[in-house]
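Please take a moment with the sequence and the model shown below before reading on. The paragraphs that follow go from the interior outward to the sheet, the cysteines and the chain as a whole.

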Amino acid sequence: SMFYDPMIAKLCSWSKDRDNAIRTMAEALDQFEVEGIGHNLPFCAAVMKHPRFISGNITTAFIEEEYPDGFEGVALDDDERKSMASIAAIMKWQDEERKSRAADANRFKASSQKGTSRQYAVGIDKDNFEVSVDRKEDGKSGIFTVKIEDKTIDVHCDYDKGKSQFVATSNAFSSGTGASYYIQCAPLTTGYRLRNQGTDLKVTVLRPRTAELLAMMPEKVAPDTSNLLLCPMPGLIVKLEVAAGDAVEEGQSLAIVEAMKMENVLKAEKAGIVKEIPVKVGDSLAVDEVIMEFEK
């Protein structure tokens, strides 16, 4: 067998002292874009914020001692959540402004003045914030006044739809630990995906009335398919390797499905006992059709 180091890149930072070098590294990590594969950027960003790492009181046992159960992701404090909610609301404000300009060019002059306050309901996980966004200066400045709960802050945000990164700056962010956020962003149906300092957030941004009505919608619960073997693609059952009542082990071959002139072996994801097999060899199945059911 062959062993190798699956390195994508090596990132180095330096400065006049440790604190500034760490700050430079943290900013660089936030601007490092890697998509489509797994990577350790969130973990590295979390280490840059860890008090013990910042102090320099570390050994080669740092990861084992500080993350004994593995890395679970980065949790935001209250100020950081308000900061991200504020940034998402400004993004929504700017997107709505662009739509207004495109719909009616005559509105551009009016909307470029003060008094363009808009209210939003912003959701991050189970937290909901009432946010008011107003442009502080003219349309080219990108400076906004944001009111969120008990805080009023000024934010400079250079977000531009279509960009994958932007910078948001305010001295009110992160309890004074930093003035700027380097944000990686992507649009979602009801908001944005924002990544920063090791976090990966799906933030909903709605007008208050829309959020009020959305809260009344019934929540669709996905069916439990953990005890079912489903057909992964339209295909023909060419072989069944087990029968009802058989005990199977994880990784054991259960059935073979022929699709696009190729035979696909379906294997057990965990150990169990076959309860029922509602199909037979020669049956043509659709996607997600049940091949066999296991005892719960």
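**From the core outward**

In this predicted model, the largest nonpolar core is made up of 32 residues, and within that core the residues with the most contacts are Met84, Val133, Phe166 and Leu194. Helix 5, which spans residues 78–103, supplies the largest share of this core, namely eight residues. Apart from this there is a second, separate core, which has 17 residues and includes Cys231, Val248, Ile277 and Ile291. As a general background to such groupings, nonpolar side chains in soluble globular proteins tend to be buried together.

Leu194 is a useful place to look at the surroundings of one core residue in detail. If its neighbours within four places in sequence are set aside, Leu194 is in contact with Met84, Ala88 and Met91, with Ile183, Gln184 and Cys185, and also with Thr199, Asp200, Leu201 and Val203.

The next feature is a sheet. Four strands form an open sheet in the order 9-16-14-11, and their pairing is antiparallel. Its edges are strand 9, at residues 228–230, and strand 11, at residues 247–248, each of which pairs on one side only. Strand 11 runs antiparallel to strand 14, which covers residues 272–276, and two bridges join them; Ala247, for instance, has Ile273 in strand 14 as its bridge partner.

What does a search of the whole structure find when it looks for disulfides? The search finds zero of them, and Cys157 can serve as an example of a cysteine without such a bond. The closest cysteine sulfur to that of Cys157 belongs to Cys185 and lies 8.9 Å away, which is too far for a bond, because a disulfide requires the two sulfur atoms to be within 2.5 Å. Cys157 has a relative accessibility of 2% and so counts as buried, whereas Cys44, with a relative accessible area of 23%, is partly exposed, since buried means under 20%.

Seen as a whole, the protein contains seven helices and 16 strands. Of its 296 residues, 35% are buried, while the accessible surface amounts to about 18400 Å², with 52% of that area belonging to carbon and sulfur atoms. When the contacts between residues at least 6 apart in sequence are considered, 47% of them join residues that are at least 24 apart.

Methods: Residues numbered from 1 in each chain as written. Predicted model: local features only at pLDDT ≥ 70, side-chain atom pairs only at ≥ 80, totals over all residues. Heavy atoms only, no water. Buried < 20%, exposed > 50% of the residue type's maximum accessible area, 1.4 Å probe, protein only. Contact = heavy atoms within 4.5 Å. Areas by Shrake-Rupley, 256 points an atom, 1.4 Å probe, with all protein chains shown as cover. Pairing = 2+ DSSP bridges. Core = buried A, V, L, I, M, F, W, Y, C linked by side-chain atoms within 4.5 Å.
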